[in-house]
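Student: Could you take me through one spot in this model up close? I'd like a single connected walk through it and what sits around it.

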Amino acid sequence: MDIPVADGAACGGHGGAVPWARARERARELGARSGTPARDLPLGRALGGVLADDLRALVGLPAFDASAMDGFAVAGEGPWRLVGAQLAGAPVAGLSLGRGEAVEIATGARAPKGTESVLPYEHAEVEDGWVRGEALPGRHVRWSGEESAPGERVLEAGTEVTPAVLGLAASLGHDGLGVRLPTVSVLVTGDELATNGLPGDGVVRDAIGPLLPGVVAWAGAHLDRVRMLGDGFGDLGEALTTAGTDVVVVCGSSSKGPADHLRGVLRELDAEVVVDGVACRPGHPQLLAHRDGTVFVGLPGNPNAALVASLTLLVPLLCAMSGRPDPTAGLARTTLGADVRSRPDDTRLVAVRVGEGYAEPVGHDRPGSLRGAALADAYAVVPPGWAGGEVDLLRLP
Ligand SMILES: Nc1nc2c(c(=O)[nH]1)N[C@H]1C(S)=C(S)[C@@H](COP(=O)(O)OP(=O)(O)OC[C@H]3O[C@@H](n4cnc5c(N)ncnc54)[C@H](O)[C@@H]3O)O[C@H]1N2
Ligand code: MOO
């Protein structure tokens, strides 16, 4: 893979840090080049992927003539002599309608041979084994193959697998789908972290493990596992090389402290580093690297910084891997409803609530606090040296 390393040294502040917009571009470029292989997955695992191939009807739909109403299947002119009953799922028992005959029928039940229409109960009168009413020819029957013909292409390759797509695929007879759905594992590092109970006295509740699955799903990828790790160098190296997923996210090991081993481990693995530091606040200690088809993303440990970094590198990367649109995009540029100071060298990501024609900073968005992000629906993107005017918005999941 031929991707240049850091061209952002001129951005000042943190040597080698890449400007925020350029970091996102690099993540997209790496994702597009890496791609993700098509995998055959059972329907229950395919949600959020994109179709690797066109979806075709394995059978015509409906697969048989069926009643669309509870009532009477009839043939010919009325009144009709009632000759039997047909429930949904019941065997057909060789039922066949002659002209002037009716069969009591449930919605979805196979219409007997000869059926010309179905007369709903509410339009029928039944007396002494005879059915009367006004039956409209062809009405209230789902005719075999009228929705899709056998072999017909119903969706194009590249379509996102939504809940409706899964239901449709099942209706068409598919047990699984070929999809592009990047797989992700998350390694949360830190000896001070606990996954339950009350924080305090040097113990911090892991906030990133609970936050990331939703971000990963939003970007159309599958989270294989979240693994808690101590701060040891060896553990991290072993975990990175044995993860077995397309992308490995490491949280809380990206800065310059004695326990921040990610950079060193990536060096030992001879991984190619694509982004090492991003000129943004919060979230500047971020890493993007790859080796042998696996992409590594380093997120800062401070939870709001980790969320910013995941929207900066991880989401664009994953979306580009499967070729789907980035869900952070699409909000119109807007003005800010309160004074915000820009930084000289860094892009600021400010938690805001989006109103009509403006966005209101909600506060509480320091690097260690998710309170602002939890109140917000977007981050306002305040470029270095910004002196007022409209800003871009980055949608939050
Ligand atoms: N000498 C420097 N020190 C620091 C820098 C720097 O540039 N030079 N950057 C600061 C910034 S900004 C950030 S952000 C952090 C990033 O550090 P790490 O990614 O190595 O993360 P840690 O040091 O392990 O933790 C930082 C902070 O976040 C808490 N944390 C960690 N993981 C979690 C988690 N899963 N859930 C909740 N909270 C977590 C941790 O307890 C620390 O309080 O580095 C600064 N330092
Ligand atoms: O910028 Mo750090 O990433 O402030 O939290």
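Tutor: Let's start with Gly-220, which counts as buried because it has 27 C-beta neighbours inside 10 Å, and 20 or more is enough for that label. Bear in mind that this is a predicted model. Gly-220 sits in the loop that links H3 to S18. Its phi is positive, near 75 degrees, and it comes after H3 in the chain.

Now for the company it keeps. Leaving aside residues up to four places away in sequence, Gly-220 touches Gly-48, Gly-49, Val-50, Glu-160, Leu-181, Leu-318, Cys-319, Ser-322 and Arg-324. For a sense of distance, take Leu-331: it is 111 residues from Gly-220 in sequence, and their C-alpha atoms are 19 Å apart.

Step back along the chain and you meet helix H3, residues 208–218. Its buried residues are Ile-208, Leu-211, Leu-212, Val-215 and Val-216. Look down the axis of H3 and these buried residues fall within an arc of 130 degrees, so they line one face of the helix. What lies over them? The cover includes four strands, S15 (183–189), S18 (222–229), S19 (247–251) and S23 (294–299), along with helix H6 (303–322). So S18 turns up twice in this story: the Gly-220 loop leads between H3 and S18, and S18 is also part of what covers the buried residues of H3.

Ile-208 links this helix to a ligand as well. Ligand 1 has 24 residues around it, and Ile-208 is among the closest, together with Gly-252, Ser-255, Pro-300 and Gly-301. By class, that shell splits into eleven nonpolar, nine polar and four charged residues. Pro-300 also shows up around ligand 2, alongside Arg-281, Pro-282, Gly-283, His-284, Pro-285, Asn-302, Ala-305 and Pro-367. The ligand 2 shell comes out as five nonpolar, three polar and one charged.

As for the wider setting, an unreviewed UniProt entry places the feature "domain: MoaB/Mog" at residues 185–320. That stretch is 34% helix and 31% strand, with its end C-alpha atoms 18 Å apart. The protein overall has seven helices and 28 strands, and 41% of its 397 residues count as buried. Its radius of gyration is 29 Å, whereas a compact globule of 397 residues would be near 21 Å. Along the principal axes, the C-alpha atoms fill a box of roughly 90 × 50 × 45 Å. And among contacts between residues at least 6 apart in sequence, 67% join residues at least 24 apart.

Key: Residues are numbered from 1 along each chain as its sequence is written. Chains are lettered from A and ligands numbered from 1 in the order in which they are written. This is a predicted model: local features need pLDDT of at least 70, side-chain atom pairs count only at pLDDT 80 or more; totals for chains, interfaces and linings use all residues. Helices (H or I, at least four residues) and strands (E, at least two) are DSSP runs, numbered from the N terminus. The radius of gyration is taken over C-alpha atoms; the globule rule is 2.2 Å times the number of residues to the power 0.38. A residue is buried if 20 or more other C-beta atoms lie within 10 Å of its own, exposed if 12 or fewer, and partly exposed in between; C-beta atoms are placed from the backbone. Two residues are in contact if their C-beta atoms, placed from the backbone, lie within 7 Å. A residue is near a molecule or strand if its C-beta atom, placed from the backbone, lies within 6 Å of it. Ala, Val, Leu, Ile, Met, Phe, Trp, Tyr, Cys and Pro count as nonpolar, Asp, Glu, Lys and Arg as charged, and the others, Gly among them, as polar. The arc is that of the directions from the helix axis to the C-beta atoms. UniProt positions are given in the numbering used here, feature names are shortened, and annotations may be inferred rather than shown by experiment.
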